[in-house]
Amino acid sequence: MKQRYDFIVIGGGPGGTPTAMALASAGKQVLLVEKGQGLGGTCLFEGCIPSKILRESARRLVEIREATDFGLKLETQSLQLDWNAIQQRKQNILTKRSMGAQQKLKQIPNLELIMGTASFIDDKQVKITPHTGDSQTVSFDKAIIATGSTPARPPIEGIDLPNVLDSEQILSIDHLPEKMVIIGAGPIGIELAQIFHTFGCEVSILEAGAHILAPVDQELAEQLKQQMMDDGIAITTNCKVKQISETASELSVNYQTDAGESLERSAEIVLLVTGRHPNTDGLGLENTQVEFNPQGIQVNAQLQTSENTIYAVGDVIGQPMFAHWATAQGLALAKNLMGMKVPMPDKQTNSAVIFSQPEIGMVGLTEAQATQAGIDYSVARYDFAQDARSQISGRASGVLKILFETQGHKIIGVHALTEGADDLMGEAALVVKTGIPLEALAGSIHPHPTLTESFAQAARMALAKLQAGIST
Ligand SMILES: Cc1cc2nc3c(=O)[nH]c(=O)nc-3n(C[C@H](O)[C@H](O)[C@H](O)COP(=O)(O)OP(=O)(O)OC[C@H]3O[C@@H](n4cnc5c(N)ncnc54)[C@H](O)[C@@H]3O)c2cc1C
């Protein structure tokens, strides 16, 4: 470790690592400090990747169960779920990816990685405490905080009982639970509910709000909720969990409905997924002028904190909390710090996927947001029940909604509920970011038979209706 660096980046997740790499690749002396088990952050070790690895096993299981629909006769009765093997596969992928990231870093000469903890002494110096070796004070020109977030723990009586787990703990649980109550119906709760339900766990969800997946297009969220309930997942909205207690053999969750009724639900495992808390503790922020609150570190449009030598990106500055968003912020920040004037990522054009089954993908404004903003908009729709690719894959359900300004037809939002919606969002993000009109989408040629045809089809049908004077 040197005594001085141009930049110190704290946190080696999807926010910090690409930022450090971009700055060092441009010739700056950079120190990246990561306090975890390896490089990758929440995304790699406790978030995006492990959840998708479990989800992939669940998806394969569904495919095998439905094989006879595709003319494949299988003796599914003999199908065994090997939980240890699933966990081992997960671990192998995580290790490989983390090592791969470290290898990439080593190829950048100006970039030094220290596994340890960083804490501010003042606006120009940090104390680095490596996992092995002595602490050292290091000075910097500029620091970037990318320390991420951890699961929030709401003040519910009994949340410290054994078997009350958070999203990070459930992903590494050593056995498949038989019965689980999930508190919270946000993106993580919904994803995990379907994964564990597919594996054979009895799952119920308790949600305080009136809807599941609050920020998502309501029509799509309601369709998904209905489908989950038809599949056997119990979902109760408008209820408040009051207490978790231990009975002789399991846990009991006491909750109150909107009508004031007090009810109980029993479970082997209670999973808490009620949001995430930005990681500001232990950073020594009290030794600086950096302002923060429970929602995260306060930054201006340039991602600069109230201390002009210190910047912050990713989950630590609050919503939205996505890996690709953290990376986009970090890369734009690095460019600006290098003197290139590039626009910072815009929440209005950020894309997101709920990894439900089927997925929900979204970019830009929802109908509720467009209405609130007073925008005169129309909706181009496409029903995946009539889609060739969806019929071929046996998943002919769901809907695509393209929101466009009624005057000029500029596309302002894309929302899809269908299997494959995750991969549709790449094109959707570009469409919303570039602000092209519906006519441009209608005129683009999409390969057949693919789900992407839905974009042009929806656009063409909406334009035809408009031409005929029919409301969309
Ligand atoms: C179950 C789950 C599933 C998810 N799925 C998705 C998904 O599918 N797609 C998606 O886009 N997002 C997903 N997310 C969200 C995503 O993981 C986060 O938005 C993303 O990891 C944020 O990146 P970050 O770099 O800001 O923080 P993090 O990834 O949290 O990285 C921060 C790093 O900083 C380190 N650190 C903290 N304090 C210090 C310190 N003082 N010194 C040194 N190092 C420190 C931490 O150890 C950590 O490695 C999921 C999250 C969860 C929990």
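These legends walk through several close-up views of a predicted model of a protein chain with a bound ligand.

**View 1. The whole chain sets the scene for the close-ups.**
Welcome to the overview, where the protein chain shows 13 helices and 23 strands. Its radius of gyration is 24 Å, close to the 23 Å that the globule rule gives for 472 residues, so the chain is as compact as a globular protein of that length. Taken along the principal axes, the C-alpha atoms fill a box of roughly 65 × 65 × 50 Å. Of the 472 residues, 41% count as buried. Among contacts between residues at least 6 apart in sequence, 64% join residues at least 24 apart.

**View 2. Five parallel strands make an open sheet.**
Follow the strands across this sheet and the order reads S7-S14-S8-S9-S10, with parallel pairing. The edges belong to strand S7 (164–166) and strand S10 (234–236), each of which pairs on one side only. From one strand to the next, the twist averages 20°. Within the sheet, strand S8 (residues 179–183) and strand S14 (residues 269–272) run parallel and are joined by four bridges. One pair to look for is Ile-182 with its bridge partner in S14, Leu-271. Helix H6 (residues 187–199) lies across S8, strand S9 (202–206) and S14. The helix runs at about 160° to S9.

**View 3. A shell of residues surrounds the ligand.**
Here we move to the ligand, which has 38 residues around it. The closest of these are glycines: Gly-11, Gly-13, Gly-41, Gly-148 and Gly-314. Several elements supply at least two residues each to the shell, namely strand S2 (30–34), helix H2 (41–45), helix H3 (48–65), strand S3 (111–120) and helix H8 (323–337). By residue class, the shell divides into 15 nonpolar, 19 polar and four charged residues.

**View 4. Helix H1 is mostly covered.**
Helix H1 (residues 16–25) has nine of its 10 residues buried. The buried residues are Gly-16, Thr-17, Pro-18, Thr-19, Ala-20, Met-21, Ala-22, Leu-23 and Ala-24. They pack against strand S1 (4–10), S2, helix H4 (83–106), S3, strand S5 (136–145) and H8. Of these partners, S2, S3 and H8 also appear in View 3, among the elements that supply at least two residues of the ligand shell. Just past the helix, look for Gly-27, which follows H1 and has a positive phi near 100°.

**View 5. Strand S23 pairs with S20 and S22.**
Strand S23 (residues 411–418) is mostly covered, with eight of its eight residues buried. Strand S20 (residues 359–364) pairs with S23 in the antiparallel sense over six bridges. Along this pairing, Gly-361 stands opposite Ala-416 in S23. Strand S22 (residues 399–405) also runs antiparallel to S23, again with six bridges. Phe-404 has Ile-411 as its bridge partner in S23. S22 and S23 form a hairpin with five residues between the strands, and in this hairpin Gly-408 takes a positive phi near 90°.

**View 6. Two cis peptide bonds sit before prolines in loops.**
Most residues other than glycine have a negative phi, and most peptide bonds are trans. That makes the bonds in this view worth a closer look. A cis peptide bond joins Gln-357 and Pro-358, with omega about 0°. Pro-358 lies in the loop between strand S19 (351–354) and S20. The peptide bond from His-448 to Pro-449 is also cis, with omega near -5°. Pro-449 is found in the loop between helix H12 (438–442) and helix H13 (453–467).

**View 7. Two leucines with positive phi are buried in loops.**
Leu-213 is not a glycine, yet its phi is positive, at about 50°. This leucine lies in the loop between S9, a strand of the sheet in View 2, and helix H7 (218–231). Is Leu-213 buried or exposed? With 23 other C-beta atoms within 10 Å, Leu-213 meets the cut-off of 20 or more and is therefore buried. Leu-303 likewise has a positive phi, of about 65°, although it is not a glycine. Its place is in the loop between strand S17 (296–297) and strand S18 (310–312). Leu-303 is buried too, with 23 other C-beta atoms within 10 Å.

Technical notes: Residues numbered from 1 in each chain as written. Predicted model: local features only at pLDDT ≥ 70, side-chain atom pairs only at ≥ 80, totals over all residues. Pairing = 2+ DSSP bridges. Axes fitted to C-alpha atoms, helices over the stretch in contact; angles between N-to-C directions. Contact = placed C-beta atoms within 7 Å. Near = placed C-beta within 6 Å. Nonpolar A, V, L, I, M, F, W, Y, C, P; charged D, E, K, R; others polar. Buried ≥ 20, exposed ≤ 12 C-beta atoms within 10 Å, placed from the backbone. Rg over C-alpha atoms; globule rule 2.2 N^0.38 Å.
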